[in-house]
2 protein chains.
Amino acid sequence: MQVKLAKNYGFCFGVRRAIKLAESKPNGITLGPLIHNAKEINRLKEKFNVVVNENIQEIPANAEVIIRTHGITKEDLQRLKQKTKNITDATCPFVTKPQEICEKMSNEGYAIIIFGDEMHPEVKGVMSYCKTTPLVVENLEALKNAKIPDKVVLISQTTKNIELFLEIADFLIRQCSECRVFNTICNATFDNQESARNLAKEVDIMIIVGGKNSSNTKQLYNISKEYCQDCYLVEDYQELQKEWFGGKKLCGVSAGASTPNWIIDKIVQTIQKY
Amino acid sequence: MQVKLAKNYGFCFGVRRAIKLAESKPNGITLGPLIHNAKEINRLKEKFNVVVNENIQEIPANAEVIIRTHGITKEDLQRLKQKTKNITDATCPFVTKPQEICEKMSNEGYAIIIFGDEMHPEVKGVMSYCKTTPLVVENLEALKNAKIPDKVVLISQTTKNIELFLEIADFLIRQCSECRVFNTICNATFDNQESARNLAKEVDIMIIVGGKNSSNTKQLYNISKEYCQDCYLVEDYQELQKEWFGGKKLCGVSAGASTPNWIIDKIVQTIQKY
């Protein structure tokens, strides 16, 4: 089986930066998983004894704590600061940006609308910086029943799809006298999505590698599935099933922003052997 | 011939207000035509001796001057104030709004992008309130070759088409980190456009009544033409040609925001007689 990798895939700037920071703090604790990739989290534990703890109460006083790429809530940050001064902030700078926008804009009296998944840690963190309760929507439909204020700020979870973001922006622009749009979708996400789309058009089967709880990985899967019916999302090579590849000639591979190269390499090698 | 009028058509709030103001200032001078309708301008002259003068230099000292619905440039206003204190501002409040936005936002350092016709008096007026040179575009194509700054404000000429405005907004949102969109398209324009669109879908022939230099009238014509091939733009009943109506059953009529009812009535009566 011939394999073709997407032009852009895998680790983004924010993830690379976070892993470097974590590796520089052996025996550290990350508050929740550093990135959305269980295998890489495991590697950090085995090689650097960097462990995960979701619970601030369990963090020992003055422990070495690393803040995850997705960020944490403003309240959790304050509680954490009371526990320890040894905090390494591995929040992706592209996530810090919407946090700052929410804080500033809600202080200026704008109603905040976030395109994202309110259960995702990044969005939870961003929401916590709003002075007033933001409206979080996963699609245009959710907005249609909402009362829309006259002056709004629109931002996006960094890993969302630009087309859907624009649909929401258009809906708001029609109704509001002022719609202040901050395009907080990160370029790496966008580039990975574009590359996956182009690749999916030319292959017989498409494999997306990444964490199943990873928002950007799921986006890659959904986009690829539109153009290539035989599309599968796997976390590692052991999930691959030989039957998928029967009668296929060319397999496309892309990977989410938190998928390390060592996992992707293993996948590619396995498929090539089929 | 049966005639059906659009649900919304003709005089908007700003035009009605301007005509009332002009009627209350007999012997006044308007700086350029008060509205884009030669017949109504003529009526104001005949009934109220309100005359048009394009040239500030020719305005006598302390004359009674009426500012047109489309507004004038900031510089002209200053020059006018040196000539006379008797100024009646008939600028449509929906035009004053984008003027104020341009002044405030360019002072705050935003690059201003105006969707409109830079030769139109409204746009000339609005442009003059920008501290920096704004980018004026009539369509998305014009923007594609331009250098796009990172923080932009987008506004529209009040009489433009919302769909094209959104195309431009989407293009900017993709590229800019902040795109602050002020929807300055006036509701009357929008309502007239929607009504013309709906009517054009169900009639055999469509007559748009309005000034040939009127932006919003041209929009109505273009929108109607999309849905009804036999579409004509006329300024008054004398331009109607009987041949147009041969073999047709239902004629739709709409009119620009500066078209008075007495002109529309005459048109409708003429068509009904065919």
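In this predicted model, helix H7 of chain A and helix H7 of chain B, each covering residues 162-175, pack at an angle of about 135°, and their axes are 10 Å apart. That angle makes H7(A) oblique to H7(B), because roughly antiparallel would require a value over 145 degrees. The crossing of H7(A) past H7(B) is right-handed. The residues that form this contact divide into 10 nonpolar, no polar and six charged. If you want to find them in the viewer, chain A brings A:Ile162, A:Glu163, A:Phe165, A:Leu166, A:Ala169, A:Asp170, A:Ile173 and A:Arg174 to the meeting, and chain B brings B:Ile162, B:Glu163, B:Phe165, B:Leu166, B:Ala169, B:Asp170, B:Ile173 and B:Arg174.

Now step back along chain A to the loop that leads into this helix. A:Asn161 sits there, between strand S8 (151-156) and helix H7 (162-175). Is A:Asn161 buried or exposed? With a relative accessible area of 10%, A:Asn161 is buried, because the limit for that class is under 20%. Leaving aside neighbours within four places in sequence, A:Asn161 is in contact with A:Phe115, A:Ile185, A:Gln193, A:Arg197, A:Gln219 and A:Ile223. To get a sense of scale, look across to A:Glu46: its C-alpha atom and that of A:Asn161 are separated by 35 Å, with the two positions 115 residues apart along the chain.

Some of the partners of A:Asn161 lead us to a second pair of helices. Among those partners are A:Gln193 and A:Arg197, which belong to H8(A) and take part in its meeting with H9(A). A:Gln219 and A:Ile223 are likewise partners of A:Asn161, and they sit on the H9(A) side of that meeting. Helix H8 spans residues 187-202 and helix H9 residues 215-227; their axes come within 8 Å and cross at roughly 30°. H8(A) and H9(A) are therefore roughly parallel to each other, since angles under 35 degrees fall in that class. The crossing of H8(A) and H9(A) is right-handed. On the H8(A) side, the full set is A:Asn192, A:Gln193, A:Ala196, A:Arg197, A:Ala200 and A:Lys201, and these meet A:Gln219, A:Leu220, A:Ile223, A:Ser224 and A:Tyr227 in H9(A). By type, the residues of this contact divide into five nonpolar, four polar and two charged.

Stay with H9 a little longer, and look at A:Asn216. This residue lies in helix H9 of chain A, and it is buried, with a relative accessible area of 9%. Beyond its neighbours within four places in sequence, A:Asn216 is in contact with A:Thr159, A:Gly256 and A:Ala257. A:Asn216 also appears in an annotation: an unreviewed UniProt entry places the feature "binding site" at A:His36, A:His70, A:His120, A:Ser214, A:Ser215, A:Asn216 and A:Ser258. UniProt also has a listing of a "binding site", again from an unreviewed entry, that includes A:Thr158.

Which of the annotated residues does A:His36 touch? A:His36 is found in the loop between strand S2 (29-31) and helix H2 (38-48) of chain A. At 8% relative accessibility, A:His36 counts as buried. Outside its neighbours within four places in sequence, A:His36 is in contact with A:Arg68, A:His70, A:His120, A:Pro121, A:Gly211, A:Asn213, A:Ser214 and A:Ser258. Of these, A:His70, A:His120, A:Ser214 and A:Ser258 are named in the annotation. Turning to A:Ser214, you will find this residue in the loop between strand S10 (205-209) and H9 of chain A. A:Ser214 is buried too, with a relative accessible area of 1%. With neighbours within four places in sequence left aside, A:Ser214 is in contact with A:His36 and A:Ser258.

Two loop residues of chain A deserve a look for their backbone. A:Asn49 has a positive phi of about 55° although it is not a glycine, and its place is in the loop between H2 and strand S3 (51-53). At 40% relative accessibility, A:Asn49 counts as partly exposed. A:Asn62, also not a glycine, has a positive phi of about 60°. A:Asn62 lies in the loop between S3 and strand S4 (65-67), and it is exposed, with a relative accessible area of 52%.

Technical notes:
Residues numbered from 1 in each chain as written. Chains lettered and ligands numbered in written order. Predicted model: local features only at pLDDT ≥ 70, side-chain atom pairs only at ≥ 80, totals over all residues. Heavy atoms only, no water. Axes fitted to C-alpha atoms, helices over the stretch in contact; angles between N-to-C directions. Helix = DSSP H or I, 4+ residues; strand = E, 2+ residues; numbered from the N terminus. Parallel < 35°, antiparallel > 145°, perpendicular 65-115°, else oblique. Left-handed = near helix turned anticlockwise from the far one by under 90°. Contact = heavy atoms within 4.5 Å. Nonpolar A, V, L, I, M, F, W, Y, C, P; charged D, E, K, R; others polar. UniProt positions renumbered as here; feature names shortened; annotations may be inferred. Buried < 20%, exposed > 50% of the residue type's maximum accessible area, 1.4 Å probe, protein only.
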